[in-house]
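Thank you all for making the time this morning. I would like to walk you slowly through one model, so please have a look at it before I begin.

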Amino acid sequence: MLAVTKRAGEAPEAYARRILDTPGALLVKEADLAHNADPARLAVLDAPTRIRLTEKYVKMRALLGL
């Protein structure tokens, strides 16, 4: 689904708006975020990467109202 694929240089707010405006996309993105933020997946990353990604996922969840 193209609606949940972030485009190069796209602001997170624009990306979130596209997801919210596309029927079914929020459900797909919510599942994607849950998978990416799985503690077992994050645990194998180095600390700076783990922190960066965790902050990224928290921000996107907030933008999507999750």
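Let me start with a small question: is E13 buried, partly exposed or exposed? What we are looking at is a predicted model, so please keep that in mind throughout. In this model E13 has a relative accessible area of 43%, which makes E13 partly exposed. The side chain of E13 forms a salt bridge with the side chain of K59, at 3.8 Å from N to O. Since E13 belongs to helix α1 and K59 to helix α4, this pair ties together parts that lie 46 residues apart in sequence. K59, for its part, is also counted as partly exposed, at 41% relative accessibility.

That pair belongs to a short list, because a search of the whole structure turns up four salt bridges, and I will take you through two others.

One of them joins the side chains of R18 and E10, with 2.3 Å between N and O. E10 sits in the segment before α1, and here the surroundings are quite unlike what I described a moment ago, for E10 is buried, at a relative accessible area of 14%. R18 is buried too, and its relative accessible area is likewise 14%. If we set aside the neighbours within four places in sequence, the residues in contact with E10 are T5, Y15 and R18.

Another of the salt bridges lies within a single helix, where the side chains of D32 and K29 meet at 3.1 Å, N to O. These two residues are three apart in helix α2, and so about one helical turn separates them. What is worth pausing over is their exposure: D32 is partly exposed, with a relative accessible area of 31%, whereas K29 is buried, with a relative accessible area of 8%.

Let me stay with α2 for a moment. This helix has twelve residues, and from its first C-alpha to its last it reaches 16 Å, close to the 16 Å expected at 1.5 Å a residue. The buried residues in α2 are A25, K29, L33 and N36. They are on the same side of the helix, because the arc they cover around the axis is only 65°. And what lies over these buried residues? The cover includes α1, α3, which runs over 39-43, and α4.

Also in helix α2 we find E30, which is partly exposed, with a relative accessible area of 32%. When residues up to four places away in sequence are not counted, E30 touches R61 and L66. From E30 to M60 there are 30 residues in sequence, while in space their C-alpha atoms are 9.7 Å apart.

M60 brings us to α4, whose 17 residues should span 24 Å at 1.5 Å a residue, and the end C-alpha atoms are indeed 24 Å apart, which agrees. Which residues of α4 are buried? They are L53, Y57 and M60, and these three are placed on the same side of α4, because they cover an arc of only 65° around the axis. P48, E55, V58 and A62 are exposed on the other side of the helix. As for the partners of the buried side, the buried residues of α4 pack against α1, α2 and α3. Just after this helix comes G65, which takes a positive phi of about 75°.

Finally, I would like to bring these pieces together in the core. In soluble globular proteins, nonpolar side chains tend to be buried together. The largest nonpolar core here has twelve residues, among them A3, V4, I19, A25, L33, L42, L53, Y57 and M60. At least two residues of this core come from each of α1, α2 and α4, which cover 12-21, 25-36 and 47-63 respectively. One member, L42, touches N36, A37, R50, L53, T54 and Y57, again without counting residues up to four places away in sequence.

If you turn the model on your screens, you might begin with L42 and its contacts to L53 and Y57, and then look for the pair I opened with, E13 and K59. I am happy to take questions.

Definitions and conventions. Residues are numbered from 1 along each chain as its sequence is written. This is a predicted model: local features need pLDDT of at least 70, side-chain atom pairs count only at pLDDT 80 or more; totals for chains, interfaces and linings use all residues. Side-chain values use heavy atoms; hydrogens and water are left out. A nonpolar core is a set of buried Ala, Val, Leu, Ile, Met, Phe, Trp, Tyr and Cys residues joined through side-chain atoms within 4.5 Å. Buried means under 20% relative accessible area, exposed over 50%, partly exposed in between (1.4 Å probe, protein chains only). Helices (H or I, at least four residues) and strands (E, at least two) are DSSP runs, numbered from the N terminus. Contact means heavy atoms within 4.5 Å. The expected span of a helix is 1.5 Å times one less than its number of residues. The arc is that of the directions from the helix axis to the C-beta atoms.
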